[in-house]
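Reader: Could you take me through this structure, with the cut-offs stated as we go?

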Amino acid sequence: MPQVVAYTDGACKGNPGPGGWGVVLTVDGVTTEHHGGEKLTTNNRMELLGAITAIEALPAGSQVKLTTDSQYVIKGLNEWMAGWKKRGWRTASKEPVKNVDLWKRLDAAIAGHSIEWLWVRGHTGDPGNERADQLANLGCAEFQ
């Protein structure tokens, strides 16, 4: 089973505005970096795309420690997603889930992996998070 450490982040200049995502991915000791972005997006979409991109890049059946500074991603996975799915991707107040396209994509991507989701406070000196932030801002700059 491949051993993976991933750091992901998202950034947005204006919300909505130009945005970017960044990923630092270490698979069995080999580290790669990835980034991208969109011209008109939101910070939450970029946070989700960072996590999605990391997971979609993995070999099947990976054992993953994924660290993000996004409470939105962590709470979505650990607290909200099960209810959304039971309600047909609707919130408790019966509203459509925001960013449902990306939540469904993340839900599909995590299948078949063993993932430990970790939260770290952003901009506090964690080297992996700081590098993912730099990559997210690089992705954002490419669309400004």
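Author: What follows takes up one helix and the strands that bear on it.

Author: This is a predicted model, in which local features need pLDDT of at least 70 and side-chain atom pairs count only at pLDDT 80 or more, while totals for chains, interfaces and linings use all residues. Residues are numbered from 1 along each chain as its sequence is written, and side-chain values use heavy atoms, with hydrogens and water left out.

Reader: How far apart are the end C-alpha atoms of helix α4?

Author: Helix α4 (a DSSP run of H or I, at least four residues; strands are runs of E, at least two) holds 15 residues, 127-141. The expected span is 1.5 Å times one less than the number of residues, so it should be 21 Å, and the distance between the end C-alpha atoms agrees, at 21 Å.

Reader: What arc do the buried residues of α4 cover around the axis?

Author: The buried residues (under 20% relative accessible area, 1.4 Å probe, protein chains only) of α4 include Gly128, Leu135 and Cys140. They lie on the same side of α4, because the arc they cover, taken from the directions from the helix axis to the C-beta atoms, is only 165°.

Reader: Which strands are included in what covers those buried residues of α4?

Author: Contact here means heavy atoms within 4.5 Å. One of the covering strands, β2, is largely enclosed by the rest of the structure, since nine of its 11 residues are buried. Those included in the cover are β1 (3-12), β2 (17-27) and β3 (30-41).

Conventions
Buried < 20%, exposed > 50% of the residue type's maximum accessible area, 1.4 Å probe, protein only.
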